[in-house]
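Please walk through this protein chain with its ligands, taking the helices, the core and the metal site in turn.

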Amino acid sequence: MLSGSELWLLRLMADRGLALLDASALLMVIEERGELRVAASSGNVSVRLRVLPVEGSALGALYKSGSALSLDRPRGNEAPWLHELGIEGRAVLVAPLTMEGHGGGLVIAVRSDNRFRGPDESALAAFAASVAQRLAAERSVEIERLRYGMQARERERTRWARELHDETIQGLGALRLRLANARDAGDQQELSGAVDTILEGLGTEIEGLRHLITELRPAALDELGLVPALEALARRAQAIDGLEVRTEIELGSGSHEQRFDPELESTLYRIVQEALTNVSRHAKATQAVVRVVERDGQVVASVTDDGQGIPTQTQGSRTPEEELKGGFGLAGMRERAELVGGELELRPAPTQGTVVRLKVPLAGRPEQHPAAGSQEGAGSPALA
Ligand SMILES: Nc1ncnc2c1ncn2[C@@H]1O[C@H](COP(=O)(O)OP(=O)(O)OP(=O)(O)O)[C@@H](O)[C@H]1O
Ligand SMILES: [Mg+2]
């Protein structure tokens, strides 16, 4: 499957190719798993069939020939694949797309009133080569992103494992010991005292696990949508840590709530969450402001506090972040930011305190999130 960013690239390139060749239509055909798909088209064209099998279709035969082609006033039997696609034109030009190690494709240019000449043929060949090159580059970035994503997930699991080990297992272990001791002592009163303590301890552990589950999966995002979920985070920080948290969220217009794709929404949520946790844990702040705005084709999210600021550098050459050792939080935030093609900065706030800012360009992101509440598993009672 072509990814969202690959499709976006092909659409962009189709528009460029159309202008470059002064064509009336330009099609990008990509081979995937034995099928040829018109992945992008530009100009005045409506394609009848967008997917054709490589085996058994005229377009497939053209693709397999691997050669370039130029036809003036093509007749039906000369180019039956034109009929398959349902396109017509005075002249057509075809150049193969060849990508190492991947399926290839075709670039097809059509003119409705003029023939193509020699220079057009070389222009299309050069254009096809650059499309292939950029697509291959995009694919390797995509693979890199997947690999990076797996590493990030692995690290996150390690973090949860550590949390379970240090908190829950230690806690339950202590309770078991207490119970075993009371049993061995053989004293009825001691035993009943121990049962009380253990019941209370179990309650605490259950509470801890609940908390962990909420952190693992922000159900609020599915159930409420991004804006209320962010506001809930702010309220939670306020309630638990006594921090005064203000939210300034400007997304979408009027009553229509802006939704982003799920990956971007959970990135925004997680980064704001970690930044607020850091404010509570480290900043000694009294106030924090969560700002999320969409502007100039990007979404910018920041968490600003009025606390003591990030620890000062002891050696001039190191960045503040290099000074901060041990935590997973900042590294995780940075990784999440990079996975959505964004960037994260951590710097002193203008007067005092710290600001963490995430910027993510919106161009080329996948389709927007479906309406709130319709997501699979939303409100799952198992996680309630
Ligand atoms: N808002 C802030 N104000 C002051 N110091 C901060 C702030 N945010 C982060 N820091 C400093 O940066 C360090 C690294 O943060 P990071 O989130 O990576 O780790 P952590 O919070 O210590 O641990 P973890 O997030 O893995 O539980 C913190 O230990 C703290 O010293
Ligand atoms: Mg942290």
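Glu156 counts as partly exposed, because its relative accessibility is 30%, and in this predicted model it is found in helix α4, which covers residues 118–185. Although Glu156 and Gly332 are 176 residues apart in sequence, their C-alpha atoms are 7.9 Å apart in space.

From there one can turn to helix α10, residues 329–339. The buried residues of α10 are Gly329, Leu330, Met333, Glu335, Ala337 and Leu339, and they pack against α4, α8, β10 and β11. Glu335, which lies in this helix, has a relative accessible area of 8% and is therefore buried, the limit being 20%. Leaving out residues up to four places away in sequence, Glu335 touches Tyr148, Ala152 and Arg155. After α10 comes Gly341, whose phi is positive, near 70 degrees.

A wider view of the fold helps to place these elements. The chain holds 10 helices and 11 strands, and 39% of its 384 residues count as buried. When contacts with a separation of 6 or more are considered, 61% of them join residues that are 24 or more positions apart.

Which residues have the most contacts inside the largest nonpolar core? They are Val245, Phe260, Leu264, Leu268, Leu276 and Val299, in a core of 40 residues. Two or more residues of this core come from each of α6, α7, α8, β8, β9, α10, β10 and β11, and the most are given by α8, with nine residues. Apart from this core lies another, of 27 residues, among them Leu2, Leu21, Met28 and Ala95. Val245, for its part, is in contact with Ala234, Ala237, Gln238, Leu276, Ala288 and Val290, once its neighbours within four places in sequence are left aside.

Helix α7, residues 226–241, can be followed from end to end: its 16 residues reach 22 Å from the first C-alpha to the last, close to the 22 Å expected at 1.5 Å a residue. Within α7, the residues Leu226, Val227, Ala229, Leu230, Leu233, Ala234 and Ala237 are buried, and what covers the buried residues of this helix includes α6, β7, α8 and β8. Ile249, whose place is in strand β7, gives one example of packing between strand and helix, since it touches Val227, Leu230, Glu231 and Val292 when residues up to four places away in sequence are not counted. Ile249 and Leu230 are 19 residues apart in sequence, and their C-alpha atoms are 8.9 Å apart in space. The residue that follows α7 is Gly242, whose phi is positive, near 70 degrees.

Helix α8, residues 262–283, also carries the metal site. The protein donors of the magnesium ion, ligand 2, are Glu274 through OE and Asn278 through OD1, lying 2.1 Å from it. Why are Glu274 and Asn278 separated by about one helical turn? They are four residues apart in α8, and this is why about one turn of the helix lies between them. An α-helix has 3.6 residues a turn, so residues three or four places apart point the same way. Both donors, Glu274 and Asn278, are buried.

The empty space inside the protein can be examined next. The count comes to one cavity of 30 Å³ or more, and about 30 Å³ of space lies in the largest cavity. Its lining is made up of Ile271, Val272, Ala275, Ala301, Ser302, Val303 and Val356, and α8 and β9 each supply at least two residues of that lining.

Two loop residues complete the tour. Lys284, in the loop between α8 and β8, has a positive phi of about 55 degrees although it is not a glycine, and with a relative accessible area of 70% it is exposed. Asp296, found in the loop between β8 and β9, likewise is not a glycine and has a positive phi, of about 50 degrees. Asp296 counts as exposed because its relative accessibility is 72%, with the limit set at over 50%.

Notes. Residues are numbered from 1 along each chain as its sequence is written. Chains are lettered from A and ligands numbered from 1 in the order in which they are written. This is a predicted model: local features need pLDDT of at least 70, side-chain atom pairs count only at pLDDT 80 or more; totals for chains, interfaces and linings use all residues. Side-chain values use heavy atoms; hydrogens and water are left out. Donors are N, O and S atoms within 2.8 Å of the metal (3.2 Å for Na, K and Ca); water is not among the atoms, so sites may look incomplete. Buried means under 20% relative accessible area, exposed over 50%, partly exposed in between (1.4 Å probe, protein chains only). The expected span of a helix is 1.5 Å times one less than its number of residues. Contact means heavy atoms within 4.5 Å. A nonpolar core is a set of buried Ala, Val, Leu, Ile, Met, Phe, Trp, Tyr and Cys residues joined through side-chain atoms within 4.5 Å. On a 1 Å grid over the protein atoms alone, a cavity is a set of points where a 1.4 Å probe fits but cannot get out, and a pocket is an open set with protein on both sides within 12 Å along at least five of seven lines; lining residues have an atom within 4 Å of a point. Grid points are joined across faces, edges and corners, and a volume is the space filled by probe spheres set on the points.
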